[in-house]
Amino acid sequence: MRIFFFFFFFILLSLNSLVFSLRTLSGPCKTLNPNQRALRSDQITVLINGFSESRIHLLRSIASTYASFPSVDSVLILWGNTTTPLKTLTELSNNLTFYSFGAQISVLRQSTQSLNARFFPRPSITTRAVAICDDDVEIDRESFEFAFKIWSTHQESMIGFFARSHDFDLLKKSWIYSVHYDKYSILLTKFMILNTNYLYKYSCGSGSGSDNDMKMVKLRNVVDEMMNCEDILMNFVVSSEVSSGPILVDAKKLRDHGDSRNQNGEEGERDVGLSSRRREHRKRRGDCIREFHKVLGRMPLKYSYGKVVNSVGEQGLCEKGGKLVLCDEQDL
Ligand SMILES: *[C@@H]1O[C@H](CO)[C@@H](O)[C@H](O)[C@H]1NC(C)=O
Ligand SMILES: *[C@@H]1O[C@H](CO)[C@@H](O)[C@H](O)[C@H]1NC(C)=O
């Protein structure tokens with residue numbers, strides 16, 4: 001009986017690792033580890049998540065805008081709605097080729113609805129930096145180039161424009177999702193820049209089938225079960241590798257149209273006060289943080305304080321000819 005049990009256990013174990021290697025080594029992880037590839041650092045690949053057909057218009061304009069930025073190597077639209085007819089996507093692709101100039105824009109229909117798919121390390125990515133963004137945010141060229149410049153000097157850090165926080169609720173004795181005015185530990189995928197390495201780490205772990213890789217499988221399963229929080233998990237992955245928190249960058253002109261997949265969510269909603277939907281959204285995000293923490297057995301998220309700004313304007317007022325003017329408008 002004991003022997004039988006032992007065998008049973010053994011078979012379970014090998015099944016487990018077989019499933020693991022099938023899942024990781026097929027698909028996205030077949031791509032060479034970015035560490036072993038020559039990736040260029042002077043340009044960046046933009047990955048935009050698209051899902052809603054009613055927003056293709058907006059997506060087209062956002063993709064063309066990114067493609068026109070000088071530092072952009074290529075733009076990849078990752079289309080996540082698997083039921084959208086191929087014809088629509090071909091049309092979108094043709095329209096983009098026809099009306100856009102600058103970097104190449106490709107439309108890629110995802111083969112799975114899994115939110116994890118947006119982080120697949122794709123062979124078509126030939127840059128060391130990737131910008132991950134949603135189809136609902138428009139960013140001006142100057143802010144984009146500035147964020148990329150900051151990444152260039154902090155290549156292991158995550159850079160972004162939208163910040164949130166984890167926190168520990170002392171009363172409930174549990175991790176929660178929150179917003180603080182003076183600190184942050186999570187950047188949203190509305191827009192973030194990170195090292196291509198992290199796509200591989202997120203999707204494949206180290207690729208060796210180690211204990212940590214098994215944990216990555218469990219963590220990605222949490223994302224699939226919750227149908228949410230892939231962005232939070234990426235923050236966990238990056239924070240586990242670096243000793244400092246993410247870097248929030250100041251943007252000059254941001255236009256946030258609100259996430260269509262997240263109509264129930266907090267992000268993009270402009271109303272004041274905590275509606276019940278927003279509360280539900282926060283609760284779910286808190287559940288993710290707790291689950292991730294449980295799988296990892298530790299909390300890798302780290303707080304950052306402050307924001308990196310592009311230029312420091314003179315804020316003092318000086319008297320000039322009897323009038324108060326900004327001091328830097330005065331000839332000094
Ligand atoms: C996804 O595609 C299907 C099929 O075209 C469509 O009916 C549905 O509205 C799409 N979902 C969104 C959010 O656009
Ligand atoms: C492509 O462009 C045509 C003409 O401007 C427009 O009618 C159509 O809706 C566009 N289709 C997509 C999918 O972008």
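Visitor: How many helices and strands does the protein chain have?
Guide: This is a predicted model. Its secondary structure is counted along one protein chain of 332 residues. The count comes to eight helices and 14 strands.

Visitor: What share of the residues in the protein chain is buried?
Guide: The protein chain exposes about 17300 Å², and carbon and sulfur atoms supply 56% of that area. A residue counts as buried when its relative accessible area is under 20%. Of the 332 residues, the buried share is 49%.

Visitor: Among contacts with a separation of 6 or more, what percentage comes from residues 24 or more positions apart?
Guide: Contact here means heavy atoms within 4.5 Å. With pairs at a separation of 6 or more taken as the whole, the part from residues 24 or more positions apart is 78%.

Visitor: Is isoleucine 176 buried, partly exposed or exposed?
Guide: Isoleucine 176 sits in strand E8, which runs over residues 174-178. Its relative accessibility is 25%. The buried class ends at 20% and the exposed class begins over 50%, so isoleucine 176 is partly exposed.

Visitor: Which residues does isoleucine 176 contact, leaving aside its neighbours within four places in sequence?
Guide: Isoleucine 176 and arginine 282 are 106 residues apart in sequence, yet their C-alpha atoms are 8.0 Å apart. The contact list of isoleucine 176 includes Gly286, Ile289 and Arg290. In full, the contacts are Ser165, His166, Asp167, Asp169, Gly286, Ile289 and Arg290.

Visitor: How far apart are the end C-alpha atoms of helix H4, for which 18 Å is expected?
Guide: Helix H4 covers residues 141-153, which is 13 residues. The expected span is 1.5 Å times one less than the number of residues, and for H4 this gives 18 Å. The model agrees with that, as the end C-alpha atoms are separated by 19 Å.

Visitor: Which residues in H4 are buried?
Guide: An α-helix has 3.6 residues a turn, so residues three or four places apart point the same way. In H4 the buried positions include an unbroken run from Ser143 to Phe148. The buried residues are Ser143, Phe144, Glu145, Phe146, Ala147, Phe148, Ile150 and Trp151.

Visitor: How much of the accessible area of ligand 1 does the protein cover?
Guide: Ligand 1 is surrounded by Phe51, Ser52, Glu53, Asn81, Thr83, Thr84 and Pro85, a shell of two nonpolar, four polar and one charged residue. Oxygen atoms of ligand 1 lie 2.7 Å from a polar side-chain atom of glutamate 53, 2.5 Å from one of asparagine 81 and 3.2 Å from one of threonine 83. On its own, ligand 1 has 360 Å² of accessible area, and the protein covers 55%.

Visitor: Which residue has a side-chain N or O atom 2.3 Å from an oxygen atom of ligand 2?
Guide: A polar side-chain atom of arginine 60 is 3.0 Å from an oxygen atom of ligand 2. Glutamate 91 has a polar side-chain atom 2.8 Å from a nitrogen atom of this ligand. The 2.3 Å distance belongs to asparagine 95.

Visitor: Which element gives the most to the shell around ligand 2?
Guide: The shell consists of Ile56, Arg60, Thr88, Glu91, Leu92 and Asn95, with two nonpolar, two polar and two charged residues. Helix H2 (56-67) and helix H3 (86-99) are the elements that give two or more residues. With four residues, the element that gives the most is H3.

Key
Residues numbered from 1 in each chain as written. Chains lettered and ligands numbered in written order. Predicted model: local features only at pLDDT ≥ 70, side-chain atom pairs only at ≥ 80, totals over all residues. Heavy atoms only, no water. Buried < 20%, exposed > 50% of the residue type's maximum accessible area, 1.4 Å probe, protein only. Near = heavy atom within 4 Å. Polar contact = N/O pair within 3.5 Å; in protein donor to acceptor, adjacent residues only side chain to side chain. Areas by Shrake-Rupley, 256 points an atom, 1.4 Å probe, with all protein chains shown as cover. Nonpolar A, V, L, I, M, F, W, Y, C, P; charged D, E, K, R; others polar.
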